[in-house]
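Open the model in your viewer and keep the selection tool at hand. The tour goes from one long-range view to single residues.

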Amino acid sequence: MFCYLHTKQTMSIEAAIAHAIRNDLDIIKVMPELNALPIDQLQDHIEGYILDIQDALYRTITQKGDAYLRAKDAAGLCATCLEDGVTLPPEILLRMCQTIVQLNILDAQFILDTPEGTTLYYAKIDIAA
């Protein structure tokens, strides 16, 4: 007899933030100065910026964002991040917060990162008809 035990796991805040950065952050829009940088400086400049944004989002969400995550309030989470000094254009930050909120309630389990850079999750979702 085969028995499958399913435990609900929400995506971690770190993973949700990383996913939102990967999918929703338009690096050229938030860093127009990249056009003037020499190619050999691009990677370090971009990596530093992304790490700073990731740290700022993580700090704000873990310290002040729990109520917004539980309420599924992406706009409130966005406003809190802006007030706390996250330096992203509001429309980009709102999109990222929407992704973070959606992923926080998603019943998902990390499977793997493909060689092409795509992250694969097993997800179980309920759809209201």
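Begin with helix H3, residues 39–64. This is a predicted model. Select the helix and count 26 residues. From first C-alpha to last, H3 reaches 38 Å, close to the 38 Å expected at 1.5 Å a residue.

Now show the side chains of H3. Which of them are buried? Tyr49, Ile53, Ala56, Leu57, Thr60 and Ile61 are. The spacing has a simple background: an α-helix has 3.6 residues a turn, so residues three or four places apart point the same way.

Add helix H1, residues 13–24. H1 and H3 pack at an angle of about 135°, and their axes are 10 Å apart. Parallel, perpendicular or oblique to each other? Roughly antiparallel would need an angle over 145 degrees, so H1 and H3 are oblique. Their crossing is right-handed.

Next, select the contact between these two helices. On the H1 side, pick Ile13, Glu14, Ile17, Ala18 and Ile21. They meet Ile50, Ile53, Gln54, Leu57, Tyr58 and Ile61 of H3. Ile53, Leu57 and Ile61 appear in this contact and are also among the buried residues of H3.

Stay on H3 and select arginine 59. Arginine 59 is partly exposed, with a relative accessible area of 43%. From its C-alpha, draw a distance to the C-alpha of cysteine 81. The viewer should give 9.4 Å, for two residues 22 apart along the chain.

Move on to the cysteines. How many disulfides does the structure hold? It holds 0. Select cysteine 78 and cysteine 97: the sulfur of cysteine 97 is the closest cysteine sulfur to that of cysteine 78, yet at 4.8 Å it is too far for a bond. A disulfide needs the sulfur atoms within 2.5 Å. Cysteine 81 is in no disulfide either. Its nearest cysteine sulfur is again that of cysteine 97, 4.4 Å away.

Check how these cysteines sit. Cysteine 78 is buried, at a relative accessible area of 6%. Cysteine 81 is buried too, at 0%.

Finally, zoom out and color by secondary structure. The chain has 6 helices and 2 strands. Along the sequence they follow the pattern α-α-α-α-α-α-β-β. Of the 129 residues, 30% count as buried. Turn to the contacts with a separation of 6 or more: residues 24 or more positions apart account for 57% of them.

Definitions and conventions: Residues are numbered from 1 along each chain as its sequence is written. This is a predicted model: local features need pLDDT of at least 70, side-chain atom pairs count only at pLDDT 80 or more; totals for chains, interfaces and linings use all residues. Side-chain values use heavy atoms; hydrogens and water are left out. Buried means under 20% relative accessible area, exposed over 50%, partly exposed in between (1.4 Å probe, protein chains only). Helices (H or I, at least four residues) and strands (E, at least two) are DSSP runs, numbered from the N terminus. The expected span of a helix is 1.5 Å times one less than its number of residues. Axes are lines fitted to C-alpha atoms, for helices over the stretch in contact, and angles run from 0 to 180 degrees between N-to-C directions. Angles under 35 degrees count as roughly parallel, over 145 as roughly antiparallel, 65 to 115 as roughly perpendicular and the rest as oblique. A crossing is left-handed if the near helix is turned anticlockwise from the far one by less than a right angle, and right-handed if clockwise. Contact means heavy atoms within 4.5 Å.
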